[in-house]
Amino acid sequence: MSSSPSDFSPSTPSRQPLAVRLAEWLRHFWPAPLGIDGRERLRFVVGAVVGVLLTAWLSRWWAQGTGTGPWMVASLGASAVLVFGMPSSPLAQPWPVLGGSTLSALVGAVCSALISDKALAGAVAVGLAIALMVPLRCLHPPGGAMALYVVLTSGDGWHLAAFPVLFNVVLLLVAAVVYNGLTGRRYPHPQRVAAREAASQGAFTASDVDAALAHYNQVLDVSRADLEGLLHLAGRAAFQRTLGELRCADIMSSPPYAVEVGVSLKEAWALMRLQQIKALPVVDVQRQVIGIVTVADFMRLANLDTHEGLGQRLRTLVMGRGGQPQAVGEIMSHPVQVARSVQHAMDLVPLFSQGGHHHIPIVDDVDHLVGIITQTDLVRTLASAVQGR
């Protein structure tokens, strides 16, 4: 009896024992760490304490002066978690906090007045509050609690929407703006960024982010601008991980062909043609780079005013006729840009792209020539990294 390859494939979730699947399901209840350090945690806690305390003090003082009923709502604690702990969240911005809380309180007041059954009124108030907050762009989770609070409170819901709800929220927002600003957090946090013309920092564009969000089709507790920024940072980190640790020694051509300053142009040209290279580092007796001679140098010094062909003019140059230079030391470019073998390969990108270099000799820690890197070497490395090799 024959067997297909799938008969010996690893067990799929449906074939796993029930206990294993149950353990895997239960593991989902344990969340991942928040990823903040102790300093940010302390900033978060102190901000919540300061914000709630100032709001409570001022609200209680106001209530004593006016003789009103409740002077603070419990859902303000949830709002404090958002505005101090997640000041960049779309759910924690001033309009969602203010509009979501006040609107939900008014919805609760309407439902309480129209529906006598508090259980039904509370459920309808929460659902209606969510239905209104989403299109009005003021979705704020504590708003659902606010709608339910007004329904369950026996007092006048219309007055509760003004005090303590609106009063509490305004005080908390003032505290959040001041505290977040003093502790280095932008609040309100920008939720939009200027459209990028091109994906210069990554392999995706703004339209790609929009398409992914449309496909995801769920509420994200992160702004679109921050999400795009995080994706670009992740792409940059992946690029750095792939190429950032590459050293010049990893991609250079070694051992390099080189000539000394007194070598004749004929010998240098013959070596370049034989090895099919376009540049020769010029070294001294200690193998330290003192210059470089390239095909461009030969072309530049060939007698271009004559009517002979290019091949004939180069032949005249390398054969040393007509008072032409005789050795590479007379036509080499110097000083020459070099890089060290332990240097990061990515450091050479601006030298090639902006510095006009095409060949960079590589030296060791005692300045001895050990290799050479060309534009082709670097492009080949970048292509391999992009293809994930």
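These exercises, each with a worked solution, cover a predicted model of one protein chain.

**Exercise 1. Overall make-up**

Describe the chain by its secondary structure, burial, contacts and surface.

Solution.
- Start with the secondary structure. The protein chain has 15 helices and six strands.
- Turn to burial. Of the 389 residues, 34% are buried.
- Next, take contacts with a separation of 6 or more. Residues 24 or more positions apart account for 66% of them.
- End with the surface. The accessible surface is about 23200 Å². Carbon and sulfur atoms hold 62% of that area.

**Exercise 2. The faces of helix H11**

Find which residues of H11 are buried, and explain why they line one face of the helix.

Solution.
- Locate the helix. H11 covers residues 265-275.
- List the buried residues: Leu265, Ala268, Trp269 and Met272.
- Look down the axis. The buried residues of H11 fall within an arc of 95°, so they line one face of the helix.
- Recall the general rule. An α-helix has 3.6 residues a turn, so residues three or four places apart point the same way.
- Check the other side of H11. Glu267 and Leu274 are exposed there.
- Step past the end. Gln276 follows H11 and has a positive phi, near 55°.

**Exercise 3. Two residues of helix H2**

Classify Thr55 and Trp62 as buried, partly exposed or exposed, and describe the surroundings of each.

Solution.
- Place both residues. Thr55 is in helix H2. Trp62 also lies in H2, which spans residues 38-66.
- Take Thr55. The relative accessible area of Thr55 is 0%. Buried means under 20%, so Thr55 is buried.
- List the contacts of Thr55, leaving out residues up to four places away in sequence. Thr55 touches Met72, Leu76, Asn168, Leu171 and Leu172.
- Take Trp62. Its relative accessible area is 39%. That lies between the 20% and 50% limits, so Trp62 is partly exposed.
- Find the patch. Trp62 belongs to a nonpolar surface patch. The other members are Leu42, Val46, Val50, Leu53, Leu54, Trp57, Leu58 and Trp61. Together the patch residues have about 860 Å² of accessible area.

**Exercise 4. The sheet E1-E2-E3**

State the strand order, the edges and the pairing of E2 with E3.

Solution.
- Read the order. Three strands form an open sheet, E1-E2-E3, with mixed pairing.
- Find the edges. They are E1 (259-260) and E3 (289-294), and each pairs on one side only.
- Examine one pair. E2 (residues 279-283) and E3 run antiparallel, with five bridges.
- Pick a facing pair of residues. Pro281 stands opposite Ile292 in E3.

**Exercise 5. The sheet E4-E5-E6 and Ser341**

Work out which strands of this sheet stand at the edges, then describe the setting of Ser341.

Solution.
- Read the order. This open sheet has three strands, E4-E5-E6, and mixed pairing.
- Find the edges. E4 (339-340) and E6 (369-374) each have a single partner strand, so one side of each is left without a neighbour in the sheet.
- Examine one pair. E4 and E5 (residues 359-363) are parallel, with two bridges. Ala339 stands opposite Ile362 in E5.
- Move to the loop. Ser341 lies between E4 and helix H14 (349-353).
- Test burial. Ser341 has a relative accessible area of 15%. The limit is 20%, so Ser341 is buried.
- List contacts, without neighbours within four places in sequence. Ser341 is in contact with Arg247, Cys248, Ala249, Ile362, Val363, Asp364 and Val370.

Note on methods:
Residues numbered from 1 in each chain as written. Predicted model: local features only at pLDDT ≥ 70, side-chain atom pairs only at ≥ 80, totals over all residues. Heavy atoms only, no water. Helix = DSSP H or I, 4+ residues; strand = E, 2+ residues; numbered from the N terminus. Buried < 20%, exposed > 50% of the residue type's maximum accessible area, 1.4 Å probe, protein only. Contact = heavy atoms within 4.5 Å. Areas by Shrake-Rupley, 256 points an atom, 1.4 Å probe, with all protein chains shown as cover. Arc of directions from axis to C-beta. Patch = residues over 30% accessible without salt bridge, like charges linked within 9 Å, V, L, I, M, F, W, Y side chains within 5 Å. Salt bridge = Lys/Arg side-chain N within 4 Å of Asp/Glu carboxyl O. Pairing = 2+ DSSP bridges.
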